[in-house]
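Colleague: Got a minute? I'd like to go through this one with you before I set anything up.

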Amino acid sequence: MSGTDAAAGAALEGATLYVFVRGWGHGKKEASILNRKVGALLPPALRETVAGLPNADLFIPELAMGLLSTARPEAVVNDLLRQVSGAFDPERHAKIVFVCFSSGGPIGRAALMKAYGMGEDGRRDPEVALPWVERVVRVVYLGAILRGW
């Protein structure tokens, strides 16, 4: 199969939306050392990696995850769900992959559970599930803070 044939086949399958949920230090206006060092390196590296994949879209939501943020986790989860819903194009995105880093791990996991319609009582209500959640094919945790959460 030639490169052109492979690209055409990938186009028929639809694009993959890569959602990268970063951890602390990702404040919009924050100038912390963590944000300058880690925050400046990860998005370009991710963009280069995703750029090499066929039909891949990278989405890095802007969340209230600054190092000294006092935002309630529930509010951050709801904001993440709102932003992913806005970035998701049902005509374009056949698959969604979540990549959660550091403290973005529990936020991403909580968001996915809520997107699936899971309530605080541990029961699933399909009526409140978000339409894009069935297209999530993989969740990757990188140094995520998950133990005991």
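Colleague: Where in the protein is confidence lowest, and where is it highest?

Modeller: This is a predicted model. Confidence is lowest in helix H1, residues 3–13, with a mean of 48. It is highest in H3, at 95.

Colleague: And what is the mean pLDDT of the protein?

Modeller: The mean is 80. Of the residues, 77% reach 70 or more.

Colleague: Over which residues does pLDDT stay under 50?

Modeller: Residues 1–12 are one such stretch. The model gives them four contacts beyond four places in sequence. Residues 26–39 also have pLDDT below 50. That stretch has 28 contacts in the model beyond near neighbours in sequence.

Colleague: How should I treat low-pLDDT coordinates?

Modeller: Where pLDDT is low, don't read the predicted coordinates in detail.

Colleague: OK, pockets. What volume does the largest pocket have?

Modeller: About 570 Å³. It is lined by 23 residues. Closest to its centre are Pro73, Glu74, Val77, Ile107 and Ala110.

Colleague: Which elements give two or more residues to that lining?

Modeller: Helix H3, 73–87, and helix H4, 104–115. H4 gives the most, with six residues.

Colleague: How does the lining of the largest pocket split by class?

Modeller: There are 14 nonpolar residues, four polar and five charged.

Colleague: Switching to the strands. How many bridges join E3 to E4, and do they run parallel or antiparallel?

Modeller: Six bridges, and the two strands run parallel. E3 covers residues 93–101 and E4 covers residues 136–142.

Colleague: Which residue in E4 stands opposite Cys100?

Modeller: Tyr141.

Colleague: What unit do E3, H4 and E4 make?

Modeller: A β-α-β unit, and it is right-handed. So H4 turns up twice: in that unit, and in the lining of the largest pocket.

Methods: Residues are numbered from 1 along each chain as its sequence is written. This is a predicted model: local features need pLDDT of at least 70, side-chain atom pairs count only at pLDDT 80 or more; totals for chains, interfaces and linings use all residues. Side-chain values use heavy atoms; hydrogens and water are left out. On a 1 Å grid over the protein atoms alone, a cavity is a set of points where a 1.4 Å probe fits but cannot get out, and a pocket is an open set with protein on both sides within 12 Å along at least five of seven lines; lining residues have an atom within 4 Å of a point. Grid points are joined across faces, edges and corners, and a volume is the space filled by probe spheres set on the points. Helices (H or I, at least four residues) and strands (E, at least two) are DSSP runs, numbered from the N terminus. Ala, Val, Leu, Ile, Met, Phe, Trp, Tyr, Cys and Pro count as nonpolar, Asp, Glu, Lys and Arg as charged, and the others, Gly among them, as polar. Two strands pair if DSSP finds at least two bridges between them. A crossover is right-handed if, with the strands pointing away from the viewer, the path from the first strand over the helix to the second runs clockwise. pLDDT is the predictor's confidence in each residue, from 0 to 100. Contact means heavy atoms within 4.5 Å.
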